[in-house]
Amino acid sequence: MTIQDFDIIVASAQHIDYAQQICDEMAESAKARGTGIAQRSPEYVADKMLEGKAVIAFHKDGTWAGFCYIETWSHGDFVANSGLIVNPIFRKAGLAKAIKERIFKLSRTKYPNAKIFGLTTGLAVMKINSELGYEPVTYSELTQDEEFWAGCKSCVNYDILMSKGRKNCMCTAMLFDPTEKAKELEEKSKEMVRKANLFGRIEKVLKSFSQELRQVKGERLKAKGFVLGIIKK
């Protein structure tokens, strides 16, 4: 089984019948990992599908395979890719990474200027996030929208979060900042130009040196020929 065996598409009204199955699997997965999760209702998941803010995956035989959705906070300044779940029968096929890449692309398209963040306890998700350009941050760099933090109330670790003044918890916070990434790309571009210019100067010096070397060799050959001419005489 490979990733080519799956279709990952933007969810729509035709997929709302999968909302209950998705929510059930989210809960079971969290229970199996022994970690907390901000629970979402089937109605909430269905709304995300209707809004075009979710992606859903299917195996080529039509079986539901995975899901993830977008949440917006602080008037669209922050975006979270939440609820990543993969049907257990299709795990280990690289599907979680493919779904994350697709929802990340959808988020960047719909909210190009928003900071994209996530809270997770999963090492696999952290690795995928890192590959997408996320960086670990403190909770203070995330949205301070009260509605977002209210969503953590259904998590078993909510008391820990509140006891620490919402400064940290069991989850690792990760953030993709488009402004910072743009700066990084600009710096890399400048560095590439600098190296290209340096390489150009070095190439010019080497070319000049090569020409001088050929000239010296030519003069030596002429001198050698002159000396041989005198000897023959």
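Helices and strands are named here as runs that the DSSP program assigns, with at least four residues for a helix and at least two for a strand, and they are numbered from the N terminus. With that in mind, the chain of this predicted model can be read from start to end as the pattern β-α-α-β-β-β-α-β-α-β-α-α-β-α, in which there are 7 helices and 7 strands. The radius of gyration of the chain is 29 Å, whereas the globule rule gives 17 Å for 233 residues, and the chain is therefore more spread out than a compact globule. Along the principal axes, the C-alpha atoms fill a box of roughly 105 × 45 × 30 Å.

Some totals for the whole chain help to complete this first view. Of the 233 residues, 37% count as buried, and the chain exposes about 14400 Å², of which carbon and sulfur atoms supply 56%. If one takes the contacts with a separation of 6 or more, 69% of them are between residues that lie 24 or more positions apart.

The strands come next. An open sheet of 7 strands has mixed pairing and follows the order β1-β2-β3-β4-β5-β7-β6. At its edges stand β1 (6–10) and β6 (135–136), and because each of these has a single partner strand, one side of each is left without a neighbour in the sheet. Ahead of β1 lies a segment that holds threonine 2, a residue that counts as partly exposed because its relative accessible area is 39%, a value between the limits of 20% and 50%. Threonine 2 and threonine 63 are 61 residues apart along the chain, and their C-alpha atoms are separated by 15 Å.

At the other edge, β6 is joined by 2 bridges to strand β7 (residues 172–176), and the two run antiparallel. Within this pairing, glutamate 135 has leucine 175 of β7 as its bridge partner, while proline 136 stands opposite methionine 174 in β7. Strand β7 also pairs with strand β5 (residues 115–120), again in the antiparallel sense, over 5 bridges, and here leucine 119 has alanine 173 of β7 as its bridge partner. Strand β7 is mostly covered, since 4 of its 5 residues are buried.

From β7 the reader can move to a helix. Asparagine 129 lies in helix α4, which spans residues 123–132, and once its neighbours within four places in sequence are left aside, asparagine 129 is in contact with Lys100, Tyr134 and Met174. Met174 is thus a contact of asparagine 129 as well as the residue in β7 opposite proline 136. Why does asparagine 129 count as buried? Its relative accessibility is 2%, and the word buried is used for values under 20%, so asparagine 129 falls in that class.

Helix α7, which covers residues 178–232, offers a contrasting environment, and leucine 206 lies in it. With a relative accessible area of 52%, leucine 206 is exposed, because that term applies to values over 50%. Leucine 206 also belongs to a nonpolar patch on the surface that it forms with Leu198 and Ile202, and together these residues have about 260 Å² of accessible area. Taken side by side, asparagine 129 in helix α4 is buried, whereas leucine 206 in helix α7 is exposed.

How values were computed. Residues are numbered from 1 along each chain as its sequence is written. This is a predicted model: local features need pLDDT of at least 70, side-chain atom pairs count only at pLDDT 80 or more; totals for chains, interfaces and linings use all residues. Side-chain values use heavy atoms; hydrogens and water are left out. Buried means under 20% relative accessible area, exposed over 50%, partly exposed in between (1.4 Å probe, protein chains only). Contact means heavy atoms within 4.5 Å. Patches are made of residues with over 30% relative accessible area and no salt bridge: like charges are joined within 9 Å, nonpolar side chains (Val, Leu, Ile, Met, Phe, Trp, Tyr) within 5 Å. Accessible areas come from the Shrake-Rupley method with a 1.4 Å probe; for residues, only the protein chains shown count as cover. A salt bridge is a side-chain nitrogen of Lys or Arg within 4 Å of a carboxyl oxygen of Asp or Glu. The radius of gyration is taken over C-alpha atoms; the globule rule is 2.2 Å times the number of residues to the power 0.38. Two strands pair if DSSP finds at least two bridges between them.
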